[in-house]
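User: Can you walk me through this protein? I'm new to reading structures.
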Amino acid sequence: MAGHQQLKESRVVKVDSEESWDFFFSQATNQGCPVVVHFTAAWCIPSVAMTAFFEDLALNYQDMLFLVVDVDEVKEVASKMEIKAMPTFLLMREGAQVDKLVGANPDEIRKRTEAFIRSSRSHKMT
């Protein structure tokens with residue numbers, strides 16, 4: 001499909017337009033799939049440093065959708081999601097934000113992602 005690309009050897013999908021953002025969220029919502037989003041910028045060293053960690057996280061959680069959004073390339077999405085600093089990580093379910101973490105803190109991101117996936121699994125069972 002035009003409008004998105006998969007990063008090499010990664011489960012992280014790069015969002016390159018507002019349309020691809022909407023597409024991924026409608027697909028995830030329809031499938032009941034939780035979403036983790038990394039808002040980044042090429043000029044932000046801490047954000048770039050988190051890229052490998054985020055890709056590793058995606059490999060560990062196969063039942064979640066991992067998206068990366070460059071705030072300079074897709075300003076509309078960054079604005080709509082009220083992203084003010086990079087890196088920012090959003091945990092989302094059914095199109096709604098469940099959690100937000102600002103800053104490069106791998107331990108906290110992993111902890112919150114683990115809690116999020118546990119709550120998502122129990123949410124599916126209800």
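**A quick tour**

Analyst: Sure. Keep in mind that this is a predicted model. Buried residues make up 45% of the 126 residues in the protein.

User: What helices and strands are there, and how many of each?

Analyst: The protein has 5 helices and 6 strands.

User: In what order do the elements run?

Analyst: Starting at the N terminus, the order is β-β-α-β-α-α-β-α-β-β-α.

User: And the surface? How much does the protein expose?

Analyst: About 6,700 Å². Carbon and sulfur atoms supply 52% of that area.

User: What about contacts between residues far along the chain?

Analyst: Take the contacts with a separation of 6 or more. Residues 24 or more positions apart account for 64% of them.

User: New topic. Where does Ser20 lie?

Analyst: Ser20 is in helix α1, which covers residues 18-31.

User: Is Ser20 buried or exposed?

Analyst: Ser20 counts as buried because its relative accessibility is 1%. The cut-off for buried is under 20%.

User: What does its side chain reach?

Analyst: The side chain of Ser20 reaches the backbone nitrogen of Asp16, at 3.3 Å.

User: Now strands. How do β5 and β6 run, and how many bridges join them?

Analyst: They run antiparallel, joined by 6 bridges. Strand β5 spans residues 88-93, and strand β6 spans residues 96-102.

User: Which residue in β6 is the bridge partner of Phe89?

Analyst: Leu101.

User: What sits between the two strands?

Analyst: β5 and β6 form a hairpin, with 2 residues between them. Glu94 is in the turn, and has a positive phi of about 55 degrees.

Definitions and conventions
Residues numbered from 1 in each chain as written. Predicted model: local features only at pLDDT ≥ 70, side-chain atom pairs only at ≥ 80, totals over all residues. Heavy atoms only, no water. Helix = DSSP H or I, 4+ residues; strand = E, 2+ residues; numbered from the N terminus. Buried < 20%, exposed > 50% of the residue type's maximum accessible area, 1.4 Å probe, protein only. Contact = heavy atoms within 4.5 Å. Areas by Shrake-Rupley, 256 points an atom, 1.4 Å probe, with all protein chains shown as cover. Polar contact = N/O pair within 3.5 Å; in protein donor to acceptor, adjacent residues only side chain to side chain. Pairing = 2+ DSSP bridges.
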